[in-house]
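Colleague: I should like to go through this structure with you and ask, for each label, on what grounds it is given.

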Amino acid sequence: MPYERKGKCVYNKETGKKKGCSSSITKAKEYMKALYASELQERVQKAVKKIINEQFSKEFDDNPALKGKQKKLPDALQKLIIGKKSMKEGGEGETENYMFFSNLKQMHRQIELLMEIDPATIEMILQNGHDWADDHITEAKTNMDQVFDFIMNETEQ
């Protein structure tokens, strides 16, 4: 879906409906990027699901031992294919915490990129007067531990 930003708010170009507003223009731009990324992820998941379902159906049909049984992917595989729900249009409160998820995705991408760098290179940078970066990573980990523990405790059943 095409989106446009007007000041601190993001709108659906086709419907004119407001998707959400942010506290700054920079955050509104990030939100718009997250919406596009979410849509792309959704399209990819649908394509992958279709391919897997087609292959599963073919293999199911070709297996005589499964004749007469219900064609259904195992729940674990369904969850893996479908993943988490992305931001959808409409509905109350959908954009209230969009930055939480956008920030998690950005952190995930950045960590993956940092982990690809040779540790010796990073070690040299840190020892060359940039030990502040180590402090920031330590603080970020402490903060992430707290959020992780809280959410895990809240979601325990």
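Modeller: The exchange below takes up the elements, the disulfide, the salt bridges and the surface patches in turn.

Modeller: Please bear in mind that this is a predicted model.

Colleague: Which elements make up the protein chain?

Modeller: The protein chain has five helices and three strands. Read from the N terminus, the order is β-β-β-α-α-α-α-α. Of its 157 residues, 16% count as buried.

Colleague: What makes the pair Cys-9 and Cys-21 a disulfide?

Modeller: The sulfur atoms of Cys-9 and Cys-21 are 1.9 Å apart. A disulfide requires two cysteine sulfur atoms within 2.5 Å, and the pair is therefore counted as one. By this rule the count comes to one disulfide. The pair links distant parts of the chain, with Cys-9 in strand 2 (residues 9–12) and Cys-21 in strand 3 (residues 18–21), 12 residues apart.

Colleague: Why is this disulfide called right-handed?

Modeller: The torsion about the S-S bond of Cys-9 and Cys-21 is about 100°, and the disulfide is therefore right-handed.

Colleague: How do you know whether Cys-9 and Cys-21 are buried or partly exposed?

Modeller: The relative accessible area of Cys-9 is 13%. Buried means under 20%, so Cys-9 is buried. Cys-21, in contrast, has a relative accessible area of 36%. That value lies between 20% and the 50% over which a residue is exposed, so Cys-21 is partly exposed.

Colleague: How many salt bridges does a search of the whole structure find?

Modeller: The search finds three salt bridges. One of them joins the side chains of Glu-4 and Lys-6, at 3.8 Å from N to O. Glu-4 has a relative accessibility of 27% and so counts as partly exposed.

Colleague: Why is the contact between Arg-43 and Glu-39 called a salt bridge?

Modeller: The N to O distance between the side chains of Arg-43 and Glu-39 is 4.0 Å. The rule asks for a side-chain nitrogen of Lys or Arg within 4 Å of a carboxyl oxygen of Asp or Glu, and the contact is therefore counted. Arg-43 and Glu-39 are four residues apart in helix 1, which means that about one helical turn separates them. At 15% relative accessibility, under the limit of 20%, Glu-39 counts as buried.

Colleague: What can be said of the salt bridge between Asp-145 and Lys-141?

Modeller: The side chains of Asp-145 and Lys-141 meet at 2.5 Å, N to O. This value is within 4 Å, so the pair qualifies. Asp-145 and Lys-141 are four residues apart in helix 5, and therefore about one helical turn separates them. Asp-145 is partly exposed, with a relative accessible area of 32%.

Colleague: Where is Glu-30 placed, and how far in space is it from Asn-103?

Modeller: Glu-30 is in helix 1 (residues 25–62). Its C-alpha is 9.3 Å from that of Asn-103, although the two are 73 residues apart in sequence. With a relative accessible area of 27%, Glu-30 is partly exposed.

Colleague: Which residues gather in the patch of negative charge on the surface?

Modeller: The patch consists of Glu-123, Asp-131, Asp-134 and Asp-135. Asp and Glu count as negative, so the patch has that sign. Asp-134 is found in helix 5 (residues 132–155). Its relative accessibility is 41%, so Asp-134 counts as partly exposed.

Colleague: Which residues make the nonpolar surface patch?

Modeller: Phe-100, Phe-101, Leu-104, Met-107, Ile-111, Met-115, Val-147, Phe-150 and Ile-151 make this patch of about 830 Å². The elements that give two or more residues to the nonpolar patch are helix 3 (98–116) and helix 5. Helix 3 supplies the largest share, six residues.

Colleague: Why does Phe-101 count as partly exposed?

Modeller: Phe-101, found in helix 3, has a relative accessibility of 49%. A residue is exposed over 50% and buried under 20%, so Phe-101 counts as partly exposed.

Technical notes. Residues numbered from 1 in each chain as written. Predicted model: local features only at pLDDT ≥ 70, side-chain atom pairs only at ≥ 80, totals over all residues. Heavy atoms only, no water. Patch = residues over 30% accessible without salt bridge, like charges linked within 9 Å, V, L, I, M, F, W, Y side chains within 5 Å. Areas by Shrake-Rupley, 256 points an atom, 1.4 Å probe, with all protein chains shown as cover. Charge placed at Lys NZ, Arg CZ, Asp CG, Glu CD. Buried < 20%, exposed > 50% of the residue type's maximum accessible area, 1.4 Å probe, protein only.
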